[in-house]
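Trainee: I should like to learn how to read helix packing and pockets in a protein model. May we work through an example together?

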Amino acid sequence: MQTPGSQSSLHRANLERVVRAVRLAGSLTQAEIARATGLSAATVSNIVRELKEAGTVEVTDTSAGGRRARSVSLSGDAGIVIGVDFGHTHLRVAVGNLAHQVLAEDSEPLDVDASWTEGFDRAEALVGRLIEGVGVGRDKVIGVGLGVPGPIDVESGTLGSTAILPGWAGINPRQELSSRLGVPVYVDNDANLGALGELVWGSGRGVKDLAYIKVASGVGSGLVINGQIYRGPGGTAGEIGHITLDESGPVCRCGNRGCLETFAAARYVLPLLQGTHGPELTMERVVELAREGDPGCRRVITDVGRHIGSGVASLCNLLNPSRVVLGGSLAEAGELVLAPIRESVGRYAIPSAARQLSVLTGSLGGRAEVLGALALVLSEMGDSTLLAENGIGVRAPALMSSVR
């Protein structure tokens with residue numbers, strides 16, 4: 001029996017600290033593990049050797065700062081995680097391992113608004129196909145990250161907004177998918193997962209404070225503060241799309257007037273151009289035409305960028321992030337939309353906050369949310385089970401101590 005303060009208890013805690021550091025980073029040198037955990041180099045070396053012998057980690061030769069080093073990552077056989085992303089028009093699924101490697105990925109068109117039961121039927125089938133294609137057993141699945149295009153009520157775990165996904169209101173997506181797949185599921189909104197994806201794999205790497213802004217059928221943002229997603233007590237932090245820009249403006253789906261979303265989201269922007277460019281116009285086509293020099297599309301994208309910049313300026317004044325990453329179809333416009341965003345930030349943000357801010361497009365494109373779903377599992381899963389399954393310590397009573 002381990003007692004608090006005993007040598008065995010301390011050793012167990014150190015094992016978990018090392019595993020957690022490696023799990024969150026994907027791979028670290030032993031020197032980086034020592035810095036991340038505060039453990040001595042000798043202690044880290046001994047723990048890594050123990051974990052390697054147990055099959056929990058893999059160690060490969062690498063270099064750091066021109067010197068030989070040893071890179072440590074979780075074993076590819078330790079388990080797999082799954083990411084599921086529901087967009088308004090698509091379903092995307094990815095399978096990854098604990099070393100932050102994406103093993104398989106696929107997507108298919110889906111009208112998520114039409115039927116939640118069809119959405120989960122399709123997700124279950126696609127997950128099954130990808131797992132089979134990877135060639136691992138279902139018993140290797142540690143958990144699933146699930147992204148939905150709407151706010152999640154923190155207390156009940158249900159989708160609470162009837163305006164965003166009317167057919168899904170009151171549904172508990174975590175329970176639904178967990179009952180189908182038989183593994184723990186973590187759920188979050190798509191903007192938060194986009195932020196996680198860019199933070200771990202994309203344009204947010206290397207920073208601890210950022211805002212990921214997704215502009216698609218709506219406008220939302222995921223906020224990262226000190227390396228962690230900030231959700232707020234009710235789970236609705238980051239609803240930048242509902243910052244009021246004009247109290248006399250168009251009525252928003254939230255019931256207010258003149259929200260940022262009514263000046264930037266596709267459902268409000270496309271009608272401005274459909275009279276001249278046809279009723280089948282999409283935001284992707286608007287961006288394409290703008291890049292080709294179409295004056296109407298370029299003007300609309302510039303206006304949208306200025307409006308987004310006003311919202312970003314408010315974020316700067318409140319939270320002072322070091323980076324803003326733009327995602328969604330609008331991000332493909334590049335400098336056509338980034339330049340007016342920066343212009344508005346320079347005009348409306350506190351000068352010191354504006355100077356420290358970099359505004360970039362996301363590097364993951366439409367994959368940001370599903371990769372963020374993988375990152376969600378990797379950040380939330382417990383370390384005790386990994387150690388127990390490899391014969392180190394005593395199995396924890398549950399796979400994860402909490403399921404969002």
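Mentor: We shall take one helix pair and then two pockets, bearing in mind that this is a predicted model.

Trainee: At what angle do helix α1 and helix α14 pack?

Mentor: Helix α1 (residues 7–25) and helix α14 (residues 368–380) pack at about 175°, and their axes are 9 Å apart. Angles over 145 degrees count as roughly antiparallel, so α1 is roughly antiparallel to α14.

Trainee: Which residues meet in this contact?

Mentor: From α1 come R20, R23 and L24, which meet L378, S379 and E380 of α14. By class, the residues of this contact are two nonpolar, one polar and three charged.

Trainee: How is empty space found, and what is the volume of the largest pocket?

Mentor: A probe the size of a water molecule is rolled over the atoms to show where empty space is left. Here the largest pocket holds about 1,100 Å³ of space. Its lining has 32 residues, with L24, A25, L199, V200 and G227 nearest the centre.

Trainee: Which element gives the largest share of that lining?

Mentor: Helix α1 does, with six residues. The lining of the largest pocket comprises 14 nonpolar, 10 polar and eight charged residues.

Trainee: What is the volume of the second largest pocket, and which residues are closest to its centre?

Mentor: The second largest pocket has a volume of about 930 Å³. It is lined by 41 residues, and H88, K214, A216, S217 and G218 are the closest to its centre. Strand β10 (219–225) gives the most to this lining, with three residues. The lining of the second largest pocket has 12 nonpolar, 18 polar and 11 charged residues.

Methods
Residues are numbered from 1 along each chain as its sequence is written. This is a predicted model: local features need pLDDT of at least 70, side-chain atom pairs count only at pLDDT 80 or more; totals for chains, interfaces and linings use all residues. Side-chain values use heavy atoms; hydrogens and water are left out. Axes are lines fitted to C-alpha atoms, for helices over the stretch in contact, and angles run from 0 to 180 degrees between N-to-C directions. Helices (H or I, at least four residues) and strands (E, at least two) are DSSP runs, numbered from the N terminus. Angles under 35 degrees count as roughly parallel, over 145 as roughly antiparallel, 65 to 115 as roughly perpendicular and the rest as oblique. Contact means heavy atoms within 4.5 Å. Ala, Val, Leu, Ile, Met, Phe, Trp, Tyr, Cys and Pro count as nonpolar, Asp, Glu, Lys and Arg as charged, and the others, Gly among them, as polar. On a 1 Å grid over the protein atoms alone, a cavity is a set of points where a 1.4 Å probe fits but cannot get out, and a pocket is an open set with protein on both sides within 12 Å along at least five of seven lines; lining residues have an atom within 4 Å of a point. Grid points are joined across faces, edges and corners, and a volume is the space filled by probe spheres set on the points.
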